[in-house]
Amino acid sequence: MTALILKNVNKSFGKVNVLRDISLTVEKGEFVVFVGPSGCGKSTLLRVIAGLEDASSGEVHIAGRQVDHVPPSKRGIAMVFQSYALYPHLNVRGNMTLALKQEKQPRAVIEERVAKASRMLNLDDYLDRYPAELSGGQRQRVAIGRAIVREPELFLFDEPLSNLDAALRMNTRLEIANLHRALNASMIYVTHDQTEAMTLADRIVVLRDGKVEQIGTPMELYNNPVNRFVAGFLGSPAMNFLPASLLEAGDPRIIGLRPEDMFLSSDGPFRARVSHVEELGGDTNVIAMIDTHQVTLRLFGQHRIGEGQDLHLGYNPEKAFHFDPEGHRLT
Ligand SMILES: Nc1ncnc2c1ncn2[C@@H]1O[C@H](COP(=O)(O)OP(=O)(O)OP(=O)(O)O)[C@@H](O)[C@H]1O
């Protein structure tokens, strides 16, 4: 059975079309990530799925049931927000059990589910604490635990890690990946952190201006983006774009080169001046100007390169992407 089907979903606020003709199928057990620039409609789409917003037209089906007129609490979904949204006057156990009590689940079921979720999330020692007595990471784990105990058909995550610091983000990201595996749950996850998107997703949906630009596995999108927008959106540092006329006068195309596919080469075709060097220890990012175009190279290891230095740069032609001036992919 499919976890979610969206059929031609549109949403407008007044005259503004925020979601445009979105169709998508999520299989049971799949982890699907929505990415896209700020304002592209990721959260609105999640809220339409959750029932917190009504679609202006189109259909939402969850686990085989059309839910367009079903209230959020009856859709079989559980949502985890960036802000945690815990009840401050309830302790961890109270936060995790509230929805189950409202559903009038038997006490034994409630206890069993809380025990299982708190074990999975390492929350056993915190069940009597109140949200104010927890760290940000612990609060987010409680919010995730609250979703798990409901055993939803579909988990919805809205940027759940964006309030956490970098180290905690990485740990919690791994926990979410483990949870997905352990629960074999269907999950939809909104983020604008593309590391989260690349590492967590079975499939990524790239949105732009309320429309789906491309859907695919992380590597499909990375290796075979349909256009310049997707090519530039996935990958960190981002893909470099250079006018092909730098190599051949009059060529209107744009060349796309990933930072790892450019290198130092004394007979390389590009002359560049280094504007900045980021030494990461294991890697070095070199930011340089080719004419008026900024490029980033990702070099393996440590390099003695200084600002203002002139370099010759080469690239691997097999790894080059070509786009027409409108950004459509050519090769
Ligand atoms: N209740 C509302 N009324 C009017 N416009 C809205 C409403 N909610 C969202 N919008 C608009 O819809 C568009 C999409 O917003 P949405 O929050 O879905 O984007 P997003 O991709 O999640 O962005 P971000 O990454 O910044 O959170 C934005 O232009 C936003 O201003």
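**Close-up views of a predicted model**

**Figure 1. Helix 4 (residues 136–148) has the length expected of its residue count.** At 1.5 Å a residue, the 13 residues of helix 4 should span 18 Å, and the C-alpha atoms at its ends are 18 Å apart, so the two values agree. The model shown here and in the other views is predicted. Helix 4 is mostly covered, with 10 of its 13 residues buried. The buried residues are Arg139, Gln140, Arg141, Val142, Ala143, Ile144, Gly145, Arg146, Ala147 and Ile148. They pack against two strands and three helices: strand 6 (77–81), strand 7 (154–158), helix 2 (92–102), helix 3 (107–120) and helix 5 (166–183). In an α-helix there are 3.6 residues a turn, so residues three or four places apart point the same way.

**Figure 2. The shell around the ligand draws on helix 1 (residues 42–50) more than on any other element.** Helix 1 gives three residues to this shell. The residues around the ligand are Phe13, Val18, Gly36, Ser38, Gly39, Cys40, Gly41, Lys42, Ser43, Thr44 and His192. Sorted by class, the shell has seven polar, three nonpolar and one charged residues.

**Figure 3. Strand 3 (residues 31–35) is mostly covered.** Five of its five residues are buried. Phe31, Val33 and Val35 point one way from strand 3, while Val32 and Phe34 point the other way; all are buried. Strand 3 pairs in the parallel sense with strand 8 (residues 187–190), over four bridges. Four bridges also join strand 3 to strand 9 (residues 203–208), and these two strands run parallel. Phenylalanine 34 can be followed into each partner strand: in strand 8 it stands opposite valine 190, and in strand 9 its bridge partner is valine 205. Strands of a sheet pair through backbone hydrogen bonds, either parallel or antiparallel.

**Figure 4. An open sheet is formed by three strands in the order 11-12-18.** The pairing in this sheet is antiparallel. Strand 11 (240–243) and strand 18 (321–323) are the edge strands, each pairing on one side only. From one strand to the next, the twist averages 30 degrees. Strand 12 (residues 254–257) and strand 18 run antiparallel and are joined by three bridges. Across this pair, isoleucine 255 stands opposite histidine 322 in strand 18.

**Figure 5. Alanine 63 lies in the loop between strand 4 (57–62) and strand 5 (65–66).** Alanine 63 has 18 other C-beta atoms within 10 Å and is therefore partly exposed; a buried residue would have 20 or more, and an exposed one 12 or fewer. Leaving aside residues up to four places away in sequence, alanine 63 touches Met1, Ala3, Gly76 and Glu153. Glutamine 105 is 42 residues from alanine 63 in sequence, and their C-alpha atoms are 21 Å apart in space.

**Figure 6. The whole chain, given for context, has eight helices and 18 strands.** Along its principal axes, the C-alpha trace spans about 75 × 45 × 35 Å. The chain has 331 residues, of which 36% count as buried. Of the contacts between residues at least 6 apart in sequence, 62% join residues at least 24 apart.

Technical notes. Residues numbered from 1 in each chain as written. Predicted model: local features only at pLDDT ≥ 70, side-chain atom pairs only at ≥ 80, totals over all residues. Near = placed C-beta within 6 Å. Nonpolar A, V, L, I, M, F, W, Y, C, P; charged D, E, K, R; others polar. Expected span 1.5 Å × (residues − 1). Contact = placed C-beta atoms within 7 Å. Pairing = 2+ DSSP bridges. Axes fitted to C-alpha atoms, helices over the stretch in contact; angles between N-to-C directions.
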